[in-house]
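Me: I have just opened this one and would like to walk through it piece by piece. Could you keep the answers plain?

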Amino acid sequence: MDLDTLRHSCSHIMAQAVKSLWPQVKLGIGPAIEDGFYYDFDRQQPFSETDLVNIEERMRQIIAKDAPFIRQEISKSEAIELFKQLGEDYKIELLKEIQDDVVSIYKTGEDFLDLCRGPHVESTGKIKAFKLLSVAGAYWHGIETNPMLQRIYGTCFATQEELDAYLKNLQEAKSRDHRKLGPQLEYFDIYYDEAGAGLVFYHPKGAILRRIIEDYEKDMHLKRGYQMVITPHIMQAGLWQTSGHYEYYRENMYTFKIEDKEFVLKPMNCPGHILIYKSKIRSYKELPLRLFELGTVYRHEKAGVLHGLLRVRGFTQDDAHIFCLPQQLGSEIKSIIEFVFATMQDFGFDEVGIELSTRPEKCIGSQTDWQIATQNLETALKEKGLPYDINLGEGAFYGPKIDIKLKDALKRKWQCATIQCDFALPKRFGLKYIDADGSEKQPIMLHRVLLGSLERFMGALLEHYAGALPLWLAPIQIVLIPIKEDFLEYSLQVKTELENAGFRIKLDSRNETLDKRIRQAELEKIPYILILGEREIKQHTVAVRKRGGGTTQIMGIEEFIGTAQKEVREKSPH
RNA sequence: GCUGGAGUAGCUCAGUCGGCAGAGCACGUCCUUGGUAAGGACGGGGUCACGGGUUCAAUUCCCGUCUCCAGCUCCA
C-alpha cells in the first residue's frame, strides 16, 4: 500500500478526531510528509500533551468503526457554500485558489468531510499503526504575516513493527544529538549567557579534530590546483556596497564605525578573493584561477534559527572561488563534484542527495547567462551519471546552484557542499582577463564549499559516528592504562614509542580501579585501550582492547603500531 | 522574528500548594594497588537564568528581559 495515502488518510482521521472533540476548531491543511503527516488547526487554546493523548484515543475509536472514505465531486460554488456552512474559512480560501470548476470532497462515514484531492484508503480500519508526535506553530500558507496555526505532527506506518522501528530511530537520533555529545565528549561548547548564542568554543579535543580536518583540506586543495589565500576579518563598508551585500544582506551583517570609517565583519569571503583577483591584469592563460580559504565569517542570524553547530553566527567555511573562462565552466564543475565525492567518502559518508536549484523570480543577470550557467551545472551532473532533484526557482539571486547533501548513518540529510555559478559579482566588480586575441573579457565565477562550514560538518561527523570517530579522526586515539602505579615507567616508555609513531595518546594512571578507567575510556569513545600490567612488561607487549568491548588481544608493541598505522592509512588519504 | 514548552550544583534531575535548598554522577582529601564498563569513607560546591512587582516573607505567585527546546520562516 502507498505509504503517503495511508498517512494522508491518517491525517484526515486526526482532523476528524479534533473536530469531534472541539467542534469550533477550524481546519487548515493536512498533507503526508516525508516521515509522517501533519494537520494545521486554528484554535485559541494551545494543544497540550494530554490533548494529544485524547486525540489519539478518539482516533482509535474512529478507526475501530472502520468507516469508509467516500469521494464526491461537486462544483466549486457548491463546495464554497458547503464550507461556509461549516465555518471552515481556510478551506474557502483554498477553494478560491483552485482553478477547476469541479472539486472533490471526501467523507469519512457520515461524521466528517474535508476538501481533498485524495486518494485515500478505503476505510478508516486500514490504519494499523500511528502515533502523534508533537505540536508546533506554523504560519498559514507558510507566510510570516499570516496568522499562526497549530500544527500537530504524527506518523503512520503499515505495520506496528515499522512504526516501532521508526520511533526507535527517533530515539537513536536524539541520543546522537551533537548538541549533547559535543559538550559531553568535550569537543565544543556554546556559552549562551556569557559569550552569546551561535558562537562556538572549541575545547582541546574539538580543536584537534578541527586541525585534522583543516590539514586534510589544505593538502587536498593544494593537490587539486587550488591556491591558498587568507583575507582579513573586517573590511570597509564600501567594498560591501560594491558587492551588493550592503544592500541585500544588511540585516545579517555586523557593522561598526571607527574614526568615522564604517567597517563590516565579513559575512562572506567572495569580495576578499575578488580583490586578490583584481590585483593585477589577468591573462586567459592564468585561468582557471582557484582561490581557497578557510574563511571565518560572521552572520547575524535571527535568534530563533540558531541550532547547535548547524546554524551559528560565527563559522568557518572551506570556501573557494574559481575564476574561469566560459568554456572551462563544465570541466570545473565536474572536477568540483569529484572533489566533493572524494571528500565525503574519506570522511565516511557514502550516500548523498543532489539538488539543482534554478533561477528564482527575483534575480539579476541576463536570461542567457542563467541559461548557460544552469545548462553547465545540469550537463555536469548528467555526464557524471548522478541522479538529482530540481528545485525550481530556489537558486541564489546571482546564479543557479548544485547542493550536495550528505546522508548520515540514520539517513538524515545534512546540507554541506554547494556549487554556485555567478555572473553578477564579476560584473559588479568589473573583473576582466585578456583573451588570446588581446581583447578584454569577463571571467565567470564559481563559488563553492565542500564541507560547508567546519562547525556544521563537525556536527554531522559527531552524529554520523555517534561520537565514536574513526581512528584517523579521533582526538585521542589510544589510552594507556597501567594496572598499578608500579607499571608507570613501562607505560611512559610505551607512550613515547606510540607518540614517536605519530599517535595521539592519553595515559590514565589515576588512582582509580582498572574497571573504572576502562569504563571511562569507553564512554569517551577512545578507539583503543591498552592495558599494561606485569604480564605485558615481562613480554614487552600490550593488551589491546578495541572500542566497544569485545576480546582483548595481546600484541607486541611493534605489531600494534603496525596494525594501527594501517588502519589510519586505510581511512585517511594522507 | 512568530507560536508553544522550559530554565534549580560542572552534568542528569528531584523538591518547595509562599517559611533555612536535595540526590546521583563529577570535583577535593584520605583509605584501597585493583587484569577488562562504576571499590570505600569524609568533604567543598547554589543570587533556584536576569530585572521589576505583590507579600511580614518569593526559588515558588504576577509582569518584563535573556537563553534553550519543538516547529514555522530563513540558511553554510
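Me: Let me start somewhere small: which residue is the bridge partner of Gln 236 in β14?
Reply: The model here is a predicted one, and in it Gln 236 has Phe 263 as its bridge partner in β14. That pair belongs to the contact between β12 and strand β14, residues 261–265, which run antiparallel and are joined by 3 bridges.

Me: And what is the order of the strands in that open sheet of 3?
Reply: The order is β12-β14-β13, and the pairing is antiparallel. The edges are taken by β12 (234–236) and β13 (254–258), each of which has a single partner strand, so one side of each is left without a neighbour in the sheet. From one strand to the next, the twist averages 35 degrees.

Me: OK, stepping back. How many helices and strands does chain A have?
Reply: The secondary structure of chain A comes to 18 helices and 28 strands. Its C-alpha atoms fill a box of roughly 85 × 75 × 50 Å along the principal axes, and of the 574 residues in the chain, 50% are buried. If you take the contacts between residues at least 6 apart in sequence, 70% of them join residues at least 24 apart.

Me: Which domains is the chain divided into?
Reply: Chain A is divided into domain 1 (3–175), domain 2, which is made of 182–231 + 267–464, and domain 3 (478–569). Between domain 1 and domain 3, the C-alpha centres lie 57 Å apart.

Me: Let's look at β5, then. Why is it described as largely enclosed?
Reply: Strand β5 covers residues 102–108, and 5 of its 7 residues are buried, so the rest of the structure largely encloses it. Strand β4 (residues 69–75) is joined to β5 by 7 bridges, with the two running antiparallel, and in this pairing Arg 71 stands opposite Tyr 106 of β5. Strand β6 (residues 112–115) is also antiparallel to β5, and 4 bridges join them.

Me: Which residue in β6 is the bridge partner of Thr 108?
Reply: That is Phe 112. The hairpin of β5 and β6 has 3 residues between the strands, and Gly 109 takes a positive phi near 60 degrees there.

Me: Which residues of helix α4 are buried?
Reply: In helix α4, residues 89–97, the buried ones are Tyr 90, Lys 91, Ile 92, Leu 94 and Leu 95. These buried residues pack against several elements, namely β1 (26–27), β3 (36–42), α3 (76–86), β5, β6 and β8 (148–157), which brings us back to the strands of the hairpin we just discussed.

Me: How do α3 and α4 pack, as an angle?
Reply: The two helices pack at an angle of about 170 degrees, and their axes are 9 Å apart. Since angles over 145 degrees count as roughly antiparallel, that makes α3 roughly antiparallel to α4. The contact involves Lys 76, Ala 79, Ile 80, Phe 83 and Lys 84 on the α3 side, and Lys 91, Ile 92, Leu 95 and Lys 96 on the α4 side. As for handedness, the crossing of α3 and α4 is left-handed.

Me: Different spot: is Glu 56 buried or exposed?
Reply: Glu 56 has a relative accessible area of 11%, and because buried means under 20%, Glu 56 counts as buried. Glu 56 is found in helix α2, residues 49–65, and, leaving aside residues up to four places away in sequence, Glu 56 touches Phe 130, Lys 131 and Leu 132.

Me: Last topic. What is the order of the open sheet with 5 strands?
Reply: The order is β25-β24-β26-β27-β28, with mixed pairing. Here β25 (505–507) and β28 (552–556) stand at the edges with a single partner strand each, so one side of each is left without a neighbour in the sheet. The twist averages 30 degrees from one strand to the next.

Me: In which sense do β24 and β26 pair?
Reply: Strand β24 (residues 478–482) and strand β26 (residues 528–532) pair in the parallel sense, over 5 bridges, and one of the bridge pairs is Pro 482 with Leu 532 in β26.

Me: Which strands does helix α15 lie across?
Reply: Helix α15, residues 488–500, lies across β24, β25, β26 and β27 (541–546), and runs at about 175 degrees to β25.

Notes:
Residues numbered from 1 in each chain as written. Chains lettered and ligands numbered in written order. Predicted model: local features only at pLDDT ≥ 70, side-chain atom pairs only at ≥ 80, totals over all residues. Heavy atoms only, no water. Buried < 20%, exposed > 50% of the residue type's maximum accessible area, 1.4 Å probe, protein only. Pairing = 2+ DSSP bridges. Domains from an automatic or database assignment. Axes fitted to C-alpha atoms, helices over the stretch in contact; angles between N-to-C directions. Contact = heavy atoms within 4.5 Å. Parallel < 35°, antiparallel > 145°, perpendicular 65-115°, else oblique. Left-handed = near helix turned anticlockwise from the far one by under 90°.
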